[in-house]
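Reader: I would like a close look at one part of this model, with the salt bridges as the topic. Please take it step by step.

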Amino acid sequence: MVVFQRKQIYRFFVVALVVATMVYGFAASVSAQQSSSPNYIVDEVFVGAGGGNDASSASYQARASIGDLGIGNSASTNYQAYGGFTTTGAPYLQVNITSSSLDLGTLSDSAASTGTTAFNVRAYLTSGYNVVIRANAPTSEGGATITPLTTPAGSSPGTEQFGLNLVANTSPTTFGANPVQIPDSSFSFGVAASGYNVSNQFKYVSGETIASSLSSSGQTDFTISYLINVSAITEAGRYVFRQNLIVTATY
Amino acid sequence: MTRSSVLRGRVLALSSAVALALALLLPAFMSPELVSAAEQVNSRSVTIDKSGTTETDVEYDFDFTLPSTGVIQGIRLQWCTTPLGTCTAVSGLDVSAMTVDAQTFSEATTFADNAGGDENDCTDSTNSTREVCLERTDTDTETAAAKSVTLSGITHTGVTANTTVYVRMAFYDNNTFTPGAGGVNILFDGVVATAIVQTLTIQARVQENLMFCIGTTTVNDGTTNPGADCTAISGTTVDIGVVDTTTTGAVSPDAEGNGLNGIAFLRTNANGGTTIGYRAVQQSGTNHQGALRVLGATCNAGDVDTDQCFDSLGGVQTVLAANTEQFGMTAEFVNTGSGGTTTAVTRNASYDGSAGGYAWNEAGTLANVANASGAVDDEALILKFAAVAAITTPTGSYQAQAKFVATPTF
C-alpha cells in the first residue's frame, strides 16, 4: 500500500495553482502588451497585411488605415455594413448650418426675389435621417404673412408667393444647387425630399421633410433656394422668416 | 518500477491537468472587464420640436423598438456630447425641469420622474442638468414592440450652434437602477442623437405703395376697365355742356359737353385703410369761391339765383330739382374693371348716389368721398357732376375746381 505524504500532495497543488495563475497572467499581459519606447507607444497594433491607427496633435486628429481589403458601405434592403479599419462603433450625427442670415432686400411686385442658404448633414450607423423645416411663413411686424406655396409651383411675379427647394434652378433666375455628396455618391446619400426636389418648382409647408437619407451617410451639402414674390397690395413692412432645421436620425 | 512511483506519477499528471483547467477557467472568474449583455433597442430616434440654440420648453420625443420582451421598471437617459465613454454635459442644455408628456408601453403603469435623488446608476440629482431617471413599479413583461417617451420642458440656453446631442438610454428591470453584476439588470440600451443648430433668419422688405390719380374717363359703370393703372388715366376737365332748368340738361357724361366723367383711381398696400376726399379750390371773386361760378364774379353771400355763383348742394346728398339752381357731385360707381382682387372701397353716404342725389362742399375744407378698409388692388371712383339752372341764373362760363387727396394708413 502506497502512502503519499501530505506534504507531497500539498506541494503538487500549490505548484499547480501557481502555474495556473502564471498562465493567466501571462496571457492577460500578452493581450495588453503594447509596443512602446521611452517616448512613444503604438496602440492597437495589428500584425498582418495593413492596419489602422490614430494620429493626433494638439488641434487635429486623424484615423488612417492601410491595407484594407474591403471598405465603404455595403447595403441590402434590410441590412448595411461599413467595412474597413477606420470605421467607428459609435453612432454619429453632425449638422452644420453654414449660413447665418440672408437678406433679400426690397421686394417688388414686378420681379421675383431669390436667395440661397446652405447646410450639411453627416450621420453614421443610422438607417437614415430626415431634415424637417419648421417656421412660420415670412411675417411682417404687423402680422401679415407672405402666402406660402402649399403645392409646388413656379415663380409668378405680382402674385404673393413664398417657397423653397433644394435643387439647382434656372427660373426665375439661375440659382441654387443640387445636393453634393462628399467625397462622392458612394459614401454619401442625402437627397432633397419629394416636393422640394424639382427644379424651378417651389413649395413651403412648415413641418415637412425637405431632405433625407435612407441609410447611413457621409456628408451631404444641401443648398436651400428661396423664392419670394409679392403683389401690389402686399402689406408694407419688414418680413422675417426664422428657419429651424430639425434633423432626426434613426439608429 | 515500484507501485508507489506509478501512483506518484498519476497524481502528478492529475495535478497538472487540474492546473491547466484552472488556467483556462481563471480568466472567466478573474477578468475585471465583463461585457454588458444589454440588447440594443432598434429603430431608435429622438425628434425635437425646436432646434434653436436658445429655446425653452423643448420637446424630446423618443421612439424605439424593444428587440425582445422584458420587465422594465427604470429608464435612465443621459444627454451627452458623445455617444460613448465619459458623459460630458452639453453646455447650455438643461433637462432638470423636464416633464413626462406622453409614453407608450404595453404595460399600463406609467413611468414617472425619479424623485428620490441619486440611486445606484441613477445620478439625476448630481447631474440634474443632463440626466433623467424614470421609474415605475411593474414586474410584468413589456412586449417586443415600438415604444415611445415624450419629455418637454427641456431648455437650450445659449447652446453652441451646430452641437450634436447624444442621449444614452438604458432600461433596467428594477426601479432602483441597480445594474447588477456585469450590468445584468440593464436589459436594453441604445444611443440616439439630435442636433442643436442656429436659427437662420431670412428677411426682406416690402415698401409702402400708393398709386392715386385723378382724371377723366368715358367709363360710366362699375365694371368697364378704365385702365390698368395711372399711366392710363389722364384729363383734367369734365364739361357738362349747357345748363338748363331741367335736371337732366347738364349731367356728366354730357354729350353736349365732352362726354366724360371724372375718375379717381386707387392702388395701395396700406393695410390700415385709405380715405379719399376733396377740397374745393377757392377761386377768384367774392363769396362762394368754391362754387360753380364765373371767375372773378361778385356773388351774394346768401343763396340767390341772380348772381354768377351756382348754389352748392352742400354736404348732404340732395336730389336735383327742376328750376332750382343747384350744383353737385357724386361717386356713382366703384369701378373694379381693372381686374384687381379687392372690393375695399366704400363711398361716403353723401356721395354714393343711393338716393339719386349729389353733394358739393364749396368751403374748401376736406370733404370725405370714400374710404378703403384695407389694401386696394385697382379700384376707381367714377365721379359724376350735375347742375340745374334757375330761370334767373345769369349766363356765363362757369367752373368749379377741386383737389382730391388720398390718405393711406400703413
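Reader: What is the mean pLDDT of chain B, and what share of its residues reach 70 or more? With that settled, please describe the surroundings of B:R76 in strand β5 of chain B.

Author: This is a predicted model. The mean pLDDT of chain B is 92, and 91% of its residues reach 70 or more. One exception is the stretch of residues 23-35 of chain B, where the pLDDT is below 50. In the model, that stretch has 12 contacts beyond near neighbours in sequence. Where pLDDT is low, the predicted coordinates should not be read in detail. For the complex, the predictor gives an ipTM of 0.78 and a pTM of 0.77.

Now to the residue itself. B:R76 sits in strand β5 of chain B. Its relative accessible area is 15%, so B:R76 counts as buried, the cut-off being under 20%. Side chains of opposite charge can pair when their charged atoms come close. B:R76 has such a partner in B:E131: the two form a salt bridge, with 2.9 Å between the closest N and O atoms. Strand β5 covers residues 74-80 of chain B, while B:E131 belongs to strand β9, residues 131-135 of chain B; the pair therefore ties together parts that are 55 residues apart in sequence. B:E131 is buried too, at 2% relative accessibility.

B:E131 has a further salt bridge, to the side chain of B:R130, at 3.9 Å from N to O. B:R130 is buried, with a relative accessible area of 13%. Through shared partners, the salt bridges join B:R76, B:R130 and B:E131 into one network.

The side chain of B:R76 also takes part in polar contacts. With the side chain of B:Q78 the distance is 3.4 Å. A polar atom of the B:R76 side chain lies 3.1 Å from the backbone oxygen of B:D121. Leaving aside residues up to four places away in sequence, B:R76 touches B:D121, B:C122 and B:T123, then B:E131, B:V132 and B:C133, and also B:R168, B:M169, B:A170, B:Y172 and B:F177.

For context, the structure holds eight salt bridges over all chains. One of them is in chain A, where the side chains of A:K203 and A:E208 meet at 3.0 Å, N to O. There A:K203 is buried at 11% relative accessibility, whereas A:E208 is partly exposed at 24%. In the pair formed by B:R76 and B:E131, both residues are buried.

Methods. Residues numbered from 1 in each chain as written. Chains lettered and ligands numbered in written order. Predicted model: local features only at pLDDT ≥ 70, side-chain atom pairs only at ≥ 80, totals over all residues. Heavy atoms only, no water. Salt bridge = Lys/Arg side-chain N within 4 Å of Asp/Glu carboxyl O. Buried < 20%, exposed > 50% of the residue type's maximum accessible area, 1.4 Å probe, protein only. Helix = DSSP H or I, 4+ residues; strand = E, 2+ residues; numbered from the N terminus. pLDDT = per-residue confidence, 0-100. Contact = heavy atoms within 4.5 Å. Polar contact = N/O pair within 3.5 Å; in protein donor to acceptor, adjacent residues only side chain to side chain.
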